[in-house]
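Please open the model in your viewer and keep the selection panel at hand. The tour below goes from one selection to the next and says what is to be found at each stop.

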Amino acid sequence: QVQLVESGGGLVQPGGSLRLSCTVSGIIFTIHDMGWYRQAPGKERELVATIARTSSTNYAESVKGRFTISRDNAKNTVYLQMNTLKPEDTAVYYCNAERVSGSQRLYRYWGQGTQVTVSS
């Protein structure tokens, strides 16, 4: 059974920081690209950051310079360090794992989400 379990969300004031964690089980972590997505009320889910199995990273323009994604393959965990948080960062944050098999089949898994609220 594949599980992606997020933690670290909460309420933070503007300008503050949070670190999200996502621990993965049931799949081979090292062969999956990992990502964080978010969904604000009334909006579509959007990409925040990804980290490939090669550890190359990609960020949404809105979070560049403020957020950092990283992975610890020994712990099957991906992190999202969020600094200088803004009210517009308020959303449910979802962890994602993906890989494409040799036969070009896409395997995609999601966590249950963790709420991040940025408010004074």
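The stops that follow take in a sheet, a disulfide, an aromatic pair and two charges over rings, in a model that is predicted.

**The sheet**

Begin by selecting strands S1, S3, S8 and S7, which in that order make up an open, antiparallel sheet of 4 strands. At its edges are S1, covering residues 3–7, and S7, covering residues 67–72, each of them paired on one side only. If you look along the sheet from one strand to the next, the twist averages 15 degrees.

Now narrow the selection to residues 18–25 and 77–82, that is, to strands S3 and S8, which pair in the antiparallel sense over 6 bridges. To find one of the paired positions, pick Leu 18, whose bridge partner in S8 is Met 82.

**The disulfide**

Stay with strand S3 and select Cys 22 in it, together with Cys 95 in strand S9 (residues 91–100); this pair links distant parts of the chain, 73 residues apart. The sulfur atoms of Cys 22 and Cys 95 lie 2.1 Å apart and form a disulfide, and a search of the whole structure finds 1 disulfide. Which hand does the disulfide of Cys 22 and Cys 95 have? The torsion about its S-S bond is about -85 degrees, and the disulfide is therefore left-handed. Cys 22 is buried, with a relative accessibility of 0%, and Cys 95 is likewise buried at 0%.

**The aromatic pair**

Next, select Tyr 37 and Trp 110, the 1 aromatic pair that a search of the whole structure finds. Their ring centres are 5.1 Å apart and their planes stand at 70 degrees, so the pair counts as edge-to-face; the cut-off for that class is an angle over 60 degrees. Tyr 37 belongs to strand S4 (residues 33–39) and Trp 110 to strand S10 (residues 106–110), so that this pair, too, joins distant parts of the chain, with the two positions 73 residues apart. With the surface displayed, Tyr 37 is buried at a relative accessible area of 16%, whereas Trp 110 is partly exposed at 33%.

**Charges over rings**

Keep Trp 110 selected and add Arg 45, whose charged end sits over the ring of Trp 110 at 4.6 Å from its centre. For the last stop, select Arg 99 and Tyr 107: here Arg 99 lies over the face of the tyrosine ring, 4.4 Å from the ring centre.

Methods:
Residues are numbered from 1 along each chain as its sequence is written. This is a predicted model: local features need pLDDT of at least 70, side-chain atom pairs count only at pLDDT 80 or more; totals for chains, interfaces and linings use all residues. Side-chain values use heavy atoms; hydrogens and water are left out. Two strands pair if DSSP finds at least two bridges between them. Axes are lines fitted to C-alpha atoms, for helices over the stretch in contact, and angles run from 0 to 180 degrees between N-to-C directions. Rings of Phe, Tyr and Trp (its six-membered ring) pair if their centres lie within 6.5 Å; planes under 30 degrees apart count as stacked, over 60 as edge-to-face and the rest as tilted. Buried means under 20% relative accessible area, exposed over 50%, partly exposed in between (1.4 Å probe, protein chains only). A charge sits over a ring if NZ of Lys or CZ of Arg is within 6 Å of the ring centre and within 35 degrees of the ring normal. A disulfide is a pair of cysteine sulfur atoms within 2.5 Å.
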